[in-house]
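The following exchange sets computed values against the definitions behind each term. Please consult the sequence and structure while reading.

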Amino acid sequence: MPLLQPSELVVSRLGTCRVPSPLQGRGETFVDDTCGILAYATTDAIQPFLQAGQMPPAFEAAGPRSEIFFAPEALTCGIVTCGGLCPGLNDVIRSIVLTLTYNYGVQRILGFRYGYAGLAPRSGYEPLVLTPEVVDTIHEQGGTLLGSSRGPQDISAMVDTLVIRNVGILFAIGGDGTLRGVEALSREVVRRNLPISIIGVPKTIDNDIAWLWRSFGFATAVEEGAKALEAAHNEARGAWNGIGLVKLMGRHSGFIAASATLSNSDVNFCLVPEAPFTLDGDGGFLQALERRLAQKHHAVVVVAEGAGQDLLQDPDHPEYDASGNLRLKDIGPFLCREINRYFAARGTEVTIKYIDPSYIIRSVPANALDSEYCMLLGQHAVHAGMAGRTAMVVGFWNQHYTHVPIAVAVAQRLQLDPHDQTWQRVLDATGQPALMVAETVG
Ligand code: F6P
């Protein structure tokens, strides 16, 4: 992957900030616009820039500015939540509403319903008026107060809605599809020369957003996933040649499976989309499982839902969902069948207990750490919008909250790198072979 260049990290602004922030006089510590958070933390990545006499690439620091762009009294803000559910959605909505209201004195906040569909006039969904009273206890519940949906909408019609509703800042909370929507909306707003700020808040349990330490909801999803692993381990140990098999979400990236595995040192095999495997033959997964059972007579296997799709998909007839994601075939039951087939052919009795927590890990309320993170992401999103930043996502990187230009955020999907520390530590923890690809099948 080519190194980021400093020029790519310049965040768009609607104009000069001339309005004194209402936070002045409250003892607030303001962020200096020139403050940057280094994109790379290692000396070998920074060295080439220093040698060329250049400042290494840095994200703009997030936080309140002493002068802001929007006059709060006249401002209307909008919030929309898109894509699949994620723990913490309600916390972010609440944080944005409370910060806008109590810190800046914004008086009109609209919650657009059911994702970007709520901004499309043809859907007919009326926005919810959001106040501190309306959002008072929503963080105690999973899901999203506003509802959500997948799929793009007509960008021009959405911007028309923002204009008709007099929205100055739109906060779009979502994953890669939503952030691509932020990019398209920002482009249309610029094309029409409108003073509207579009700010993304990165959401996905998959943790696959680039230049973000982690997406909110991920920690809660891992915690819920780890409960399934504990159950699987107990079940596996409860039978001779018991196999506990758990499928966890993770479409293209195996971060949930990897982190749940690392949080639970009882996992013997972690199968993720980034590390292809074969089933049969010397060096394949089933042979490795057989070796493990011969040693300990039980095994725990975690599989990310996007793993092993090459074994299942018909390459000539791929199917896609409304967000353009490949519809995955179900790897869990497939593995159960294949494991049973393999051991039956060898006359070895095994007992598989299959656990699929499915949507349970993403529809629960956020845990305390995710709630804290959501509160801070929401606050920083508001500070960014009030300071007239636009076409950006609020992030957290190298221990600081950041402004990430939207083009940088959507340029690539974050995936496990089989050679990096995280995956290497998973291999250490499980003891599984680094490569489970058979050279010969049979
Ligand atoms: O993108 C987040 C995620 O939870 C993925 O892990 C999962 O594949 C997907 O959403 C499923 O969402 P849905 O069934 O709502 O399309």
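**Ligand contacts and sheet**

Q: What makes the pair formed by Arg 251 and the ligand a polar contact?
A: A polar side-chain atom of Arg 251 lies 3.5 Å from an oxygen atom of the ligand. A polar contact is a pair of N or O atoms within 3.5 Å, so this pair qualifies. The protein covers 80% of the ligand's own 400 Å² of accessible area (Shrake-Rupley method, 1.4 Å probe).

Q: On what basis are these values given?
A: This is a predicted model, in which local features need pLDDT of at least 70 and side-chain atom pairs count only at pLDDT 80 or more, while totals for chains, interfaces and linings use all residues. Residues are numbered from 1 along each chain as its sequence is written, and side-chain values use heavy atoms, leaving out hydrogens and water.

Q: Which distances make Arg 150 and Glu 305 polar contacts of the ligand?
A: A polar side-chain atom of Arg 150 is 2.9 Å from a ligand oxygen atom, and an N or O atom in the side chain of Glu 305 is 2.3 Å from one. Both pairs therefore meet the definition.

Q: How is Tyr 359 classed in the shell around the ligand?
A: Tyr 359 is among the surrounding residues, and Tyr counts as nonpolar. The shell divides into three nonpolar, two polar and five charged residues.

Q: Why are β10 and β16 called paired?
A: Pairing requires at least two DSSP bridges. Two bridges join β10 (residues 197-202) to the parallel β16 (residues 392-397), so these strands pair. Gly 200 stands opposite Val 393 in β16.

Note on methods: Near = heavy atom within 4 Å. Polar contact = N/O pair within 3.5 Å; in protein donor to acceptor, adjacent residues only side chain to side chain. Helix = DSSP H or I, 4+ residues; strand = E, 2+ residues; numbered from the N terminus.
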